[in-house]
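Trainee: Could you pick one strand in this model and take me through it up close? I'd like to know what it pairs with and how it sits among its neighbours.

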Amino acid sequence: MKKVRRKRVMLISLAFFMVLANLSLTNIHVKAGVKEAPEFREGSVHDPSVIKVDDTFYVFGSHLAAAKSTDLMQWERVADGVNSSNPLFDDVTKELSEALEWANSDTLWAADVTQVGDQFFMYYNACEGTSPRSAMGLAIADDIEGPYVDQGIFLKSGMWDQESENKGEVYNPTVHPNAIDPHAFYDAEGNFWLLYGSYSGGIFILELDAITGFPIEEGYGTHLIGANHARMEGPYMQYSEETGYYYLHLTYGGLGAGHGYNMRVMRSENPDGPFYDAAGNLMEDVGGPAGSMFDDDAIAPYGVKTMGDFLFRRYSDEPGNGFGTGYVSPGHNSVYTNEEGEQFLFFHTRFPYRGEAHEIRVHQMVMNSNGWPVVAPYRYAGEKVEPIAEEDVYGTYKFINHGLEFSGEINEAEIIELHEDGTLSGSANGKWNHYDEFRITLSIDGADYDGMLLNQWNPTTREFGITFAGIADNNMTVWGSKTIDGAGSAVDDSDDEDLEKDSDQIGTTTEIEETEVETTYLLWVIISAIIVVVAIVLIVVKRKGNK
């Protein structure tokens, strides 16, 4: 009798420990394959210009606003507002009073901060707004967060019927620049430059003294692009060691919601040009025709359009809530490249159906095989460029062609299919090719869009999924975001509650289990259940045998 009880206890114990072991293995497998959903804390800085100091990213922008982040997802306000309490200056209203008075303004426009040795040089500017009457100056601080001390104004514009900064020339707003939107940078040889301009006579560049930070020569410098009040502004220069090119980033259009703000890029072998777009157009002659103002059609075909108004609308059978994810008037960007060569695009954007509210966004960029910076469709959420298996690429995608126009209308995604045989169909037809682990080419209507594949966080579905982005020699960018087959009908945008839910402001802390993990979990649960059943059967058989 004791022997039977001992065997029964041994069998029950064996079954218990096998179940425990299997559950432990299950737990290990689940944890190994889990991806955590990102957490976001939004910041609002219009015209964000990025600088990294130690482990912290800072962005400085208009209205003396600044914010910082260590992960590019959670932002903390540093300063905001041109008032005596702004910590970036002891009292900015007094210290920069000359610039404010010249511009007939009570605020400052897009600032840029560059580290020079152990100091930080802030290039500030004030503008009347209704005219190009502006002043630009330099302030210096020993700490990135200030206080900054004014060094004086070095450039002015908008001096009607008076001599301009170009000696002997009366100021002409169709030819001469508006002295705002500065970006100071070092070229590959260590020379120091200032890029600036908005609308009016276009975008200009001048060389700076690397010690004082002031221009080495009088005048407005070298003209790069624009004329006759063509809507171009927010210049930023990116140098790529990978390609050896200088990339001039600009924003076309008007900054307000519905005014068509959209980001463009062109490149040159030299910081002061000449610059060309992907179609081979020389950019220095691009601008409005004589006598025109805000002629968008005249400039729309030129410059690679990297992003404009768009909406990936949610479909009824997709997970998540709200109407989808999209931007309105994204622009005035800056770029940061880290030691590993990862590139990040910083910009502000408004949102569909949310008026003039704007926030900082950061998207990853990758140089395509033709040396053009391709922007990922969704905001950065910690993803890495990594190999994507071809079988994971097949399927249904929401597809956006950003085109070249900028009417202010939201460009809504349509549906395409990437088939296993290398063809694509739906709202666009053609072929596609996956190569070099994470690269893709889509051939559509005679254009070859070369770009990248990424596994990105989709803020609508709250899941990670495959995206693609590519640029062709027609200056256009296409995007794709993988969705489910037969996703249902488009969700209406009339539900205010849904609009608020899908504002892309709040991340979650839930864990997203991959299919592989779920399969492993189910397998071990089934095995564990079988072991328990077998153990019980053995116990019952033994019990009957002893009777």
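Mentor: Sure, with one definition up front: two strands pair if DSSP finds at least two bridges between them. The strands themselves are DSSP runs of E, at least two residues long, numbered from the N terminus. Bear in mind that this is a predicted model, where local features need pLDDT of at least 70, side-chain atom pairs count only at pLDDT 80 or more, and totals for chains, interfaces and linings use all residues. Residues are numbered from 1 along each chain as its sequence is written, and side-chain values use heavy atoms, with hydrogens and water left out.

Let's zoom in on strand 3, residues 56–60. It has a partner before it in strand 2, residues 49–53, and the two pair in the antiparallel sense over 5 bridges. For one contact to click on, go to lysine 52 and look for its bridge partner, phenylalanine 57 in strand 3. Strand 2 and strand 3 make a hairpin with 2 residues between them. In that turn, aspartate 54 has a positive phi of about 55 degrees.

Now follow the chain onward to strand 4, residues 66–69, which pairs with strand 3 over 4 bridges, again in the antiparallel sense. Here tyrosine 58 stands opposite lysine 68 of strand 4. This hairpin has 5 residues between the strands, and histidine 63 takes a positive phi near 65 degrees in it.

So how does strand 3 sit in its surroundings, buried or exposed? 5 of its 5 residues are buried, so strand 3 is largely enclosed by the rest of the structure. Buried here means under 20% relative accessible area (exposed is over 50%, partly exposed in between), with a 1.4 Å probe and protein chains only. In a regular strand the side chains alternate between the two faces of the sheet. On strand 3 both faces are covered: one side carries Thr56, Tyr58 and Phe60, the other Phe57 and Val59, and all are buried. Put that together with the pairing: Phe57, the partner of lysine 52, and Tyr58, which faces lysine 68, lie on opposite sides of strand 3.

If you want another antiparallel arrangement to look at afterwards, try the barrel, which 8 strands close in the order 23-25-26-27-28-29-30-31. Strand 23 (residues 395–401) and strand 31 (residues 477–483) are joined there by 6 bridges and run antiparallel. Click on tyrosine 397 and you'll find its bridge partner, lysine 482, in strand 31.
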